[in-house]
Every structure is written in structure tokens, then in C-alpha cells.
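Welcome to this short tour. Please take a moment with the sequence and the structure, and then read on for the details.

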Amino acid sequence: MRKETKCIHAGYTPGNGESRMIPIIQSTTFKYDTSEDMGKLFDLETEGYFYTRLQNPTNDMVAAKIAALEGGTAAMLTSSGQAASFFSVFNLAGQGDHVISSASIYGGTFNLFNVTMRRMGVDFTFVDPDCSEEELEAAFRPNTKLVFGETIANPALTVFDIERFANAAHAHGVPLIIDNTFATPINCRPIEWGADIVTHSTTKYMDGHDATVGGVIVDSGKFDWMAHADKFPGLCTPDESYHGITYAEKFGKEGAFITKATAQLMRDLGSIQAPMNAYFLNLGLESLAVRVKRHCENAQKVAEFLDSHEKVAWVTYPGLPGDKYYERAQKYLPEGVCGVISFGVKGGRKAAEEFMKHLKLAIIATHVADAHTCILHPANSTHRQMTDEELIACGVGPDLIRLSCGIENVEDILEDLEQALASI
Ligand SMILES: *Cc1c(COP(=O)(O)O)cnc(C)c1O
């Protein structure tokens, strides 16, 4: 199946007389005839369900669809994108371990790594995604367990050189984890470029309708844990909390990572997605390919409009020839980048405030990447406690506006922007 078809059909094939849509198994528990039957599940001897905190059939159908879209072997849904980022890293790195991450990542992921996971004893080195070979080499340590990056960084719109970082990670015997939220598997499949694990905030384009918060982790099934057994004792030595199972031995390359994340992390940390939310996520996924195409077409037209507008000082969009990441976007995202653009209006903070006041269609929201066009002026909202100097230092200037193009008729989006720009 091609990707558009997978969006509709992957993950669930109804049998004769069964429901066409995935069933919502809204049940905490599952019933068995004998204790032996249930015992086998607890020993991971047979597959099946016993408690929704660990696994749920509705969630698994949706996870299987996303695994098929990304070209992976196994996947799990999580309650949020944050949980997906955390689980993907914590499944490999614990106290005393070290992780290399791109410095250009989502702010929530940066806080998770730099504050919360440091408190758990995991050390991080943040590297410029465009750093030199020497700088990248120097970041690796004997206790480095993985490398992390974002296909298109939210909100900086940095396009990550996946192939380069995958090669570097593999040369050091560790996997590359990629947050593919903004690109979606419609525009980029990081596994094809060497990524080993892919994560998403499904809250964004995958759900795509402002309806449900969620996340997903997909395993490529390609990383040979046993070949680097000394680095990954959690996968390659017996798990005493799970009857002495050695995940990499019992489930192989294809299944070890997600089985461990389920059996250990979901069991202990309990960040399961609600089956009802998984159902809504699946509805979003069915139209993902058509929506992403439209988001990109609209964003391209809007970026070109802004780029040639006399009241606009600058535009960042990797689909614009001349953008710092245009060439790299052509390589990794030839069919389209994403719907998010950032730009600045001439006249700085004051002009940006005036512009925002006059918008009629674009919704002012901290959210991005869904059907409704939405817009944010960080200097006046999420970053309002900072001075102009501090804003410039962190790369979010006082004039910066982040615009997420929805799937409305692009003429309506353009008219709204035009009349708001005219008001400055
Ligand atoms: C929103 C976002 C997250 C966090 O996801 P939530 O679903 O809000 O927890 C992670 N990564 C990226 C790139 C995001 O845009």
C-alpha cells in the first residue's frame, strides 16, 4: 500500500460482518477462563490484553497504522507527545548516562531534557544541528546512549540533517531518535534516512483537528541492541522486575524496544492514551495525506505572499528558495515542508501587536499544526516576561510571529493577513 492508502487501511482489517471503523474497546480489563491463561500473558508468553494501562486493542490498531506509515516494526501510543519523548529516551538512558540532542528542538522537549531528566541523573549535551564534524565527534562520550533531533524544529523551522546524525550515532554504536511531528510520515520518513526510533506529538497534524492530545513511539526494528549489549543492559540483560526476561533476546530487534517500553515504562509510569482518543486520532489519520498536502500548499502561497509584502521584514519557511534550509528541505521533504511559517513585521513589537489585533480569521492560540489557521506573537504571550534583548538572545525576536496555516481556502487566509498588515 502507498502512504495515502495506508492512512485509510493500515492497522485494522475487519473480518466478515465486523465494524468498518476500528472498535473503541472502552474497557479497563479483559476476562480469561483460567488463571493459567492469564499467567501466560503476565509472563509475556502469549499476546493478549489484560489491563488497559499496559495495552488496549483500539490503541494497538492505531499504533499499527502509524508504524506502517513510518515504515517501522512496532509502535505504542502515549498520552501526549511529551510522554512519547520521555519514554523514548528513558527506555535507553538512565542515571549516569549521557544523551546528545540537537539544540534546535521543541521548548517542552528542551525543558524535559535540560531540567527534569537532568534531575533524574541523565546528562545532556546540546549541539548546534549545523555544527562541524569536530564538534559533533567531541560530543560523544563512553556513556552516550543515543542522539536526538527533530525533523523540522518547532518553532525554529530548522531542518535536521537526519542522515548525517544517523551515521554519526551508528559509528558510536548508539541509535538516533527523531521527533517527526512537523513533517509527518507524509512528508518525511526518518527511518529511510537511518533513524532508529521515531516519535510524534499526535496532537499536531496527525489528530489535526484540535481534538485530542497524544503521542506515539515507532521502532524501526533495525538497531542491533545485542551487538552493543554493554551499552544497553536494560534491553540485553534479564529484567528482574519482569521474571528475568531479556527483551532483545526474546523479542529480537523488531520488538525489544517497544516491548520494554510497554512492560516497564507503561506499567510503572502509566501514560496510556485513552482508547476514545485513539479513535479520534485514527479519524485524523484517515485524512492525514490530503490535509498535509493542503497545509503545505497554503503555507507555500502564504510564505511567498509575506516574503514579497512591503510591511514584512523577514520570513522563515524552508520551502522558500533562499531560506537557510531550502536545500536540505528539498532533500528530506521534497513533497512539502509543513504548514508553519515564522515572520517579522517592520516596526518591531508595537507593529506586531497592532497586526495581531486586526486579525479576523486566524485564531490566536499557542497551538500549531491543525486544520484551523492559528497565530501567536510570543513576545506578547508565551514569552511576555522577557525584555527585547532577552528575546533576541533566545532567537524569538520581539517582532516574531508564528503562523500555522490551516486548510481553509488560501484566499481567505491571504485576505485576513492583508487587511491586518494594512492596519499597521
Ligand atoms: C507539541 C510538541 C511536542 C509535545 O507534544 P504534546 O502532545 O503537547 O505533549 C513534542 N514535540 C513537538 C515537535 C511538538 O510540536
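## Around the ligand

In this predicted model, 14 residues surround the ligand, and those that come nearest are Gly81, Asp179, Ser201, Thr203 and Lys204. Sorted by character, the residues of this shell are three nonpolar, eight polar and three charged.

Some of the contacts can be followed atom by atom. Serine 201 has a side-chain N or O atom 2.8 Å from an oxygen atom of the ligand. The side chain of asparagine 154 also offers an N or O atom, at 2.9 Å from a ligand oxygen. With glycine 81 it is the backbone that takes part: one of its N or O atoms lies 2.9 Å from an oxygen atom of the ligand. How much of the ligand's surface does the protein bury? On its own the ligand exposes 380 Å², and the protein buries 92% of that.

## Salt bridges across the chain

Let us turn to the charged side chains. The whole structure holds 17 salt bridges. One of them pairs glutamate 335 with lysine 3, whose closest N and O atoms are 3.0 Å apart. This pair links distant parts of the chain, 332 residues apart: lysine 3 belongs to helix H1 (residues 3-9), while glutamate 335 sits in the loop between helix H13 (326-332) and strand E9 (340-345). Are the two partners buried or exposed? Glutamate 335 is exposed, with a relative accessible area of 58%, whereas lysine 3 has 15% and counts as buried, because buried means under 20%.

Another salt bridge joins glutamate 45 and lysine 250, with 3.8 Å from N to O. Here, too, distant parts of the chain are linked: glutamate 45 lies in the loop between helix H2 (35-42) and helix H3 (57-70), and lysine 250 lies in helix H10 (residues 247-269), 205 residues apart. Glutamate 45 counts as exposed at 52% relative accessibility, and lysine 250 is partly exposed at 38%.

## A helix-to-helix pair and a network

Helix H3 comes up again with lysine 65, which meets glutamate 286 in a salt bridge of 4.0 Å, N to O. Which elements does this pair connect? Lysine 65 is in helix H3 and glutamate 286 is in helix H11 (residues 275-286), so the bridge links distant parts of the chain, 221 residues apart. Lysine 65 is buried, with a relative accessible area of 2%, while glutamate 286 is partly exposed at 23%.

Salt bridges can also be shared among several residues, as Arg118, Asp123 and Arg141 show: these three are linked in a network.

## A close look at threonine 144

Arginine 141, a member of that network, also has a link to threonine 144: the threonine side chain reaches the backbone nitrogen of arginine 141 at 2.8 Å. Threonine 144 is found in strand E4 (residues 144-150). With 1% relative accessibility, threonine 144 counts as buried.

What does the side chain of threonine 144 contact besides that backbone nitrogen? It makes a polar contact with the side chain of histidine 98, at 2.7 Å. Leaving aside residues up to four places away in sequence, threonine 144 touches His98, Ile100, Ala139, Val174 and Lys231. Histidine 98 is thus a good place to look in the structure, as it appears both in that list of neighbors and as the partner in the polar contact.

Notes
Residues numbered from 1 in each chain as written. Predicted model: local features only at pLDDT ≥ 70, side-chain atom pairs only at ≥ 80, totals over all residues. Heavy atoms only, no water. Near = heavy atom within 4 Å. Polar contact = N/O pair within 3.5 Å; in protein donor to acceptor, adjacent residues only side chain to side chain. Areas by Shrake-Rupley, 256 points an atom, 1.4 Å probe, with all protein chains shown as cover. Nonpolar A, V, L, I, M, F, W, Y, C, P; charged D, E, K, R; others polar. Helix = DSSP H or I, 4+ residues; strand = E, 2+ residues; numbered from the N terminus. Buried < 20%, exposed > 50% of the residue type's maximum accessible area, 1.4 Å probe, protein only. Contact = heavy atoms within 4.5 Å.
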